[in-house]
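Student: Can we go through some of the words people use for protein structures? I'd like to see where they come from.

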Amino acid sequence: MTRSAAVFGSGWGAHAARALSRHPGVELRCLVGRGSDRSRALAAELAVPLRPELEGDVDLAVVAVSERVHLELVEPLLARGIHVLVTHPVCPRAEEVAHLAEVADGAGAVVRTDYTFRPRPELAALKATPDRGALLRVSIESPGRWLPIALDVAVCLAGPVHIVHANPAYPRAVAARARRAPHAFVPSAVLTHRTGTVTTIVPVPHAPPAEPVRVCASYERGRVTTTLPRGGAEWLALRAQGEVETRTLVEASADPLDATVHARGMEELVSRFVDTLDEGAAALTSLADEQHLRSVWAALWRATRDRAGADVGA
């Protein structure tokens, strides 16, 4: 069975469009965009038309544009029964995410979001195993603009969040700089998960492009460290008489220092989305996960504003 597809957006969406164009079970019908030079170049590369809006029906669509317009684009697609893979963040507010899930359920359509790190072996190596004991603490360093991804990594490893604490507003001396470069001045955060695990997230202004997220997961009997998306994963444990055990769980990637690792991640997710439409894409997050993450995001900014812990809610 060949499924017809359309892609909205030519930035992150370019990875999805190339993946769909190569998928043996998909016919890429068109790109949908505003006609930028980048969109026209991508349409020419893939030999598909570029349209200002979707004409006719397709079986599936990838929507990879700003979260501010996801709701107005994705809702009518789902209402028409079109399966949608929408980039993270799905919508600014949790109630908007819940609304899209309801529309999809009513129309019998599948809607998922991408989270390109979830299938990666480096993240899988951080997860709890019986021999490690309970997960006690997660520490994450990432650029400010990657904060939504850092939150997802925390929830993926330690489960839903109960309370968020954040550092207070910046002093007047740096407030003007923060307004000019908000991604460099996002708040650090402490998350208390419902399991009792604590996660600290520290934004850093500069990080290597190919491995911007550093994660350390501390267990009762050792810890695992990694960098995402292309770093290796290392196990470190303290044994009897001060003996230290170290093991390489995942070898570091030898990919060039460019966006190929992100392109491959998106290609893998698109393929899984297409191949598992009938039974749901287990490798991708559900919108229930996304709804919780948007609630965590809102609690983070409440905690920053109020200088007190913010309850995420149920």
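Tutor: Sure, let's take a few terms one by one, keeping in mind that this is a predicted model.

Student: Why are α1 and α2 called roughly parallel to each other?

Tutor: Helix α1 (residues 13-22) and helix α2 (residues 37-46) pack at an angle of about 10 degrees. Angles under 35 degrees count as roughly parallel, and therefore α1 and α2 get that label. Their axes are 11 Å apart.

Student: Which residues of α1 and α2 meet?

Tutor: From α1 you have Ala14, Ala17, Arg18 and Ser21, and they meet Leu42, Glu45 and Leu46 of α2. Sorted by class, that contact has four nonpolar, one polar and two charged residues.

Student: Okay, on to helix α3. Which of its residues are buried?

Tutor: In α3 (residues 70-79), they are His70, Val74, Leu77 and Leu78. Buried means under 20% relative accessible area.

Student: What puts those residues on the same side of α3?

Tutor: Around the axis they cover an arc of only 95 degrees, so they sit on the same side of α3. Glu72 and Ala79, on the other side, are exposed. The buried residues pack against β1, β4, β5, α4 and β6.

Student: And which element gives the largest share of the largest nonpolar core?

Tutor: That's α6, with nine residues. The core has 41 residues, and Ile140 and Val153 are among those with the most contacts inside it. Ile140 touches several residues farther along the chain than four places, including Ala150, Val153 and Val215.

Technical notes:
Residues numbered from 1 in each chain as written. Predicted model: local features only at pLDDT ≥ 70, side-chain atom pairs only at ≥ 80, totals over all residues. Heavy atoms only, no water. Axes fitted to C-alpha atoms, helices over the stretch in contact; angles between N-to-C directions. Helix = DSSP H or I, 4+ residues; strand = E, 2+ residues; numbered from the N terminus. Parallel < 35°, antiparallel > 145°, perpendicular 65-115°, else oblique. Contact = heavy atoms within 4.5 Å. Nonpolar A, V, L, I, M, F, W, Y, C, P; charged D, E, K, R; others polar. Buried < 20%, exposed > 50% of the residue type's maximum accessible area, 1.4 Å probe, protein only. Arc of directions from axis to C-beta. Core = buried A, V, L, I, M, F, W, Y, C linked by side-chain atoms within 4.5 Å.
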